[in-house]
Amino acid sequence: MKRIVTVTPNPAVDLSYHVAGIHPGASHRVPAPLSRAGGKGLNVARVAHQLGHPVLALAPYGGSSGAEFAAELESSGVPHALVPVAGPTRRSIALVDTVGGETSIFNEEGNPLRSSEWQALAAVVVDALSAQDEDAPGVLAASGSLPPGAPADFYPALVRLAHDAGIPAIVDTSGSGILAAAEAGADLLKPNHHELEEATGETDLAAGAWRLIDLGAKTVLVSAGADGMLAFSHATPDGYWRARLPEALSGNPTGAGDAAVAAAATALAAGVTDTRVILRRATAWSAAAVLMPAAGEISPRYAELEEQLIISWEDNR
């Protein structure tokens, strides 16, 4: 198996609190939170690593929170290469209401990186993509928000680096970044329905996804909540695939999208290009992530959930 290289430009120390009922304005006594190195790309690497796929997680880190981030990542066993930076690593807080079944997330914005630090991160990516033999990369997956002042072409540059190395590129971000990644020819984009509407201005999911395809993306997976997941491909312009479970699952959805990216990354790294295969795996892994208490892991029920999926073809435009 070829290695999955993930890039997380704006990582975080993830704190997950489980609360038996959240009441606005009230005090809550809670157990100690689960604390781990997080950020979307780190979650992708964790899920793939959990299922035995070779990974390398790349990210910057800094300050006392960065030291905590690096220590937890080291203890996790997930292979990684970190770039030291001056600014402290941000924190992300998830409040999981175990009674109401809802999760509220508070994401710090992150601190700007210096020009030299962006260059150092790019150099680590180039090194990872030029590795040979057992460390040879099979796919590059870049995920998450960008810190303030980030280069506007950060994600397009990663797509170009992946293609120069002869491997596919997955990008999971939002806003103008997803449009730029599409224009750069990203092999797979993974927005959720809110991100897709925000980026494209299209309230119709199919119209938004096809706009990304028209810009240059090869495949677009769209998480649509209870409506399942949709898969659009430039190879099938007459329609798209939808996958969903017979009934929606309750749990913690914070890592569901990252699990879907991990599923797509493992497929592409293995040379799988069938959109339906990628969609089935991504939907099942995403659902299995909802059953777990924190992002970056999936339930062993993922194979069972894949068997339950309802797959349908839908004509478009």
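## Threonine 266 and its surroundings

Setting aside neighbours within four places in sequence, threonine 266 touches Ile4, Ala48, His53, Arg281 and Trp285. This is a predicted model, so please read everything below in that light. Threonine 266 belongs to helix H8, which covers residues 256-269.

How accessible is threonine 266? Its relative accessibility is 3%, and because buried means under 20%, threonine 266 counts as buried. One of its contacts is polar: the side chains of threonine 266 and arginine 281 are joined at 2.9 Å.

## Helix H9

Let's turn to helix H9, which takes in residues 275-290. Its 16 residues reach 23 Å from the first C-alpha to the last, close to the 22 Å expected at 1.5 Å a residue. At the N-terminal end, aspartate 274 acts as the cap of H9, with a side-chain oxygen 2.9 Å from the backbone nitrogen of arginine 276.

H9 is mostly covered, with 12 of its 16 residues buried. Among them are Thr275, Ile278 and Leu279, along with Trp285, a residue that also appears among the contacts of threonine 266. The buried set further includes Ser286, Ala287, Ala288, Ala289 and Val290.

## Strand E1 and its two partners

Ile4, another contact of threonine 266, brings us to strand E1, residues 3-7. Five of the five residues in E1 are buried. In a regular strand, side chains alternate between the two faces of the sheet. Here Arg3, Val5 and Val7 point one way, while Ile4 and Thr6 point the other way.

Which strands pair with E1? Strand E8 (residues 137-143) pairs with E1 in the parallel sense over five bridges, and threonine 6 stands opposite alanine 141 in E8. Strand E4 (residues 55-61) also runs parallel to E1, joined to it by four bridges. Within E4, leucine 58 is the bridge partner of valine 7.

## The sheet as a whole

Now for the wider picture. Strands of a sheet pair through backbone hydrogen bonds, either parallel or antiparallel. The open sheet here has 10 strands with mixed pairing, in the order E5-E4-E1-E8-E9-E10-E11-E12-E13-E14. Its edge strands are E5 (80-84) and E14 (310-315), each of which pairs on one side only.

For an antiparallel example, look at strands E11 (residues 219-223) and E12 (residues 229-233), which pair over five bridges. Leucine 221 has alanine 231 in E12 as its bridge partner.

How values were computed: Residues are numbered from 1 along each chain as its sequence is written. This is a predicted model: local features need pLDDT of at least 70, side-chain atom pairs count only at pLDDT 80 or more; totals for chains, interfaces and linings use all residues. Side-chain values use heavy atoms; hydrogens and water are left out. Helices (H or I, at least four residues) and strands (E, at least two) are DSSP runs, numbered from the N terminus. The expected span of a helix is 1.5 Å times one less than its number of residues. Buried means under 20% relative accessible area, exposed over 50%, partly exposed in between (1.4 Å probe, protein chains only). A polar contact is a pair of N or O atoms within 3.5 Å; within protein, one must be able to donate a hydrogen and the other to accept it, and residues adjacent in sequence count only if both atoms are side-chain atoms. Two strands pair if DSSP finds at least two bridges between them. Contact means heavy atoms within 4.5 Å.
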